[in-house]
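Thanks, everyone, for making the time. I would like to walk through one model with you, going slowly over a few of its helices and the way they are placed.

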Amino acid sequence: MEMENGTVVTEFILLGLTQSQEIQLLVFVLILIFYLIILPGNFLIIFTIRSDPGLTAPLYFFLGNLAFLDVSYSFIVVPKMLVDFLSEKKVISYRGCITQLFFLHFLGGGEGLLLVVMAFDRYIAICQPLHYSTVMSPRACYVMLLALWLGGFIHSIIQVALILYLPFCGPNQLDNFFCDVPQVIKLACTDTFVVELLMVFNSGLMTLLCFLGLLASYGIILCHVHRSASEGKSKAMSTCTTHVIIILLMFGPAIFIYTRPFRALPADKVVSFFHTVIFPVMNPMIYTLRNQEVKISMKKLLVRHVIC
């Protein structure tokens, strides 16, 4: 990181979501209320799935991991964002920026791959039910879980390695409320064209391919369900529809951010806000609200604890 003129960036100044103090205070209050309501619900989902012996199917195993990933993801940006709302100077160290960037892509990449695994689980359950218990055995589920964590790590470490390769000697103002690849790269004191292409290939192309693959998979599943006359048709349709909603919420903003050249657009901050702050904690709740078994189990768990 040492430069010939002796200057080096040791911290980044975050310009934040908005410069208006009134809007910042309003967003601060809304986010705080939102998290105080939704975040305990996600912890309840994890606890319910872990404690109920009736929720041992692979679908619930992956749903519990989705809630865990999203809860973890929400702690990467939001706590610092809330503190910055109350601070006059919004600063993050170079190491803190790299750490934030790493975990964003580590958990985000892992969640994208988890959705692929969940699509595969639904395909086998609906289109190949006779082979389900063999293909989706407990051992296979743990292998898939390990693979998606490893995939998220590899995806993220490539991002970080490319960033660490770049020299930063000023300016050091990030036009955002957190550290992410598009804004950080533009502050490098060198030509970043090749690095931007590599980043788009790593994040953008992978995101787009996963998105199109997931849509195609659920399209096949929904066609299969529509043609069938089984008793569980409505339940399968409901589950798959919920999965498609999550896919659109997660991949839509990611495609907007990472599949184009890193040029600032007016909508960038708003899209990033929903992608990193709002949608992660809502994803497991959307699944739960459409899953009768989990809702019933949660009600029983709450009633049991109230009585005790």
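When I say helix, I mean a DSSP run of H or I with at least four residues, numbered from the N terminus. With that in hand, and bearing in mind that this is a predicted model, let me begin with Val116, which has its place in helix H3, residues 94-127. Val116 is partly exposed, its relative accessible area being 33%, and its C-alpha atom is separated by 7.2 Å from that of Cys210, although the two are 94 residues apart along the chain.

Turning to the record, the unreviewed UniProt entry annotates several stretches as "transmembrane region", among them residues 23-47 and 237-258. In the model, the span 23-47 is 100% helix, with its end C-alpha atoms 36 Å apart, and the span 237-258 is likewise 100% helix, with its end C-alpha atoms 31 Å apart.

Now to H2, residues 58-85, where 28 residues at 1.5 Å a residue should span 40 Å, and the end C-alpha atoms are 41 Å apart, which agrees. There is nevertheless a kink of about 35 degrees at Phe75 in H2, shortly before the proline Pro79. Of the 28 residues of H2, 21 are buried, so this helix is largely enclosed by the rest of the structure.

How, then, do H1 and H2 cross? The axes of H1, residues 21-51, and H2 come within 10 Å and cross at roughly 155 degrees; since angles over 145 count as roughly antiparallel, that is therefore how H1 and H2 are described. Their crossing is left-handed.

Note on methods
Residues are numbered from 1 along each chain as its sequence is written. This is a predicted model: local features need pLDDT of at least 70, side-chain atom pairs count only at pLDDT 80 or more; totals for chains, interfaces and linings use all residues. Side-chain values use heavy atoms; hydrogens and water are left out. UniProt positions are given in the numbering used here, feature names are shortened, and annotations may be inferred rather than shown by experiment. Helices (H or I, at least four residues) and strands (E, at least two) are DSSP runs, numbered from the N terminus. The expected span of a helix is 1.5 Å times one less than its number of residues. The bend at a residue is the angle between axes fitted to the seven residues ending there and the seven starting there. Buried means under 20% relative accessible area, exposed over 50%, partly exposed in between (1.4 Å probe, protein chains only). Axes are lines fitted to C-alpha atoms, for helices over the stretch in contact, and angles run from 0 to 180 degrees between N-to-C directions. Angles under 35 degrees count as roughly parallel, over 145 as roughly antiparallel, 65 to 115 as roughly perpendicular and the rest as oblique. A crossing is left-handed if the near helix is turned anticlockwise from the far one by less than a right angle, and right-handed if clockwise.
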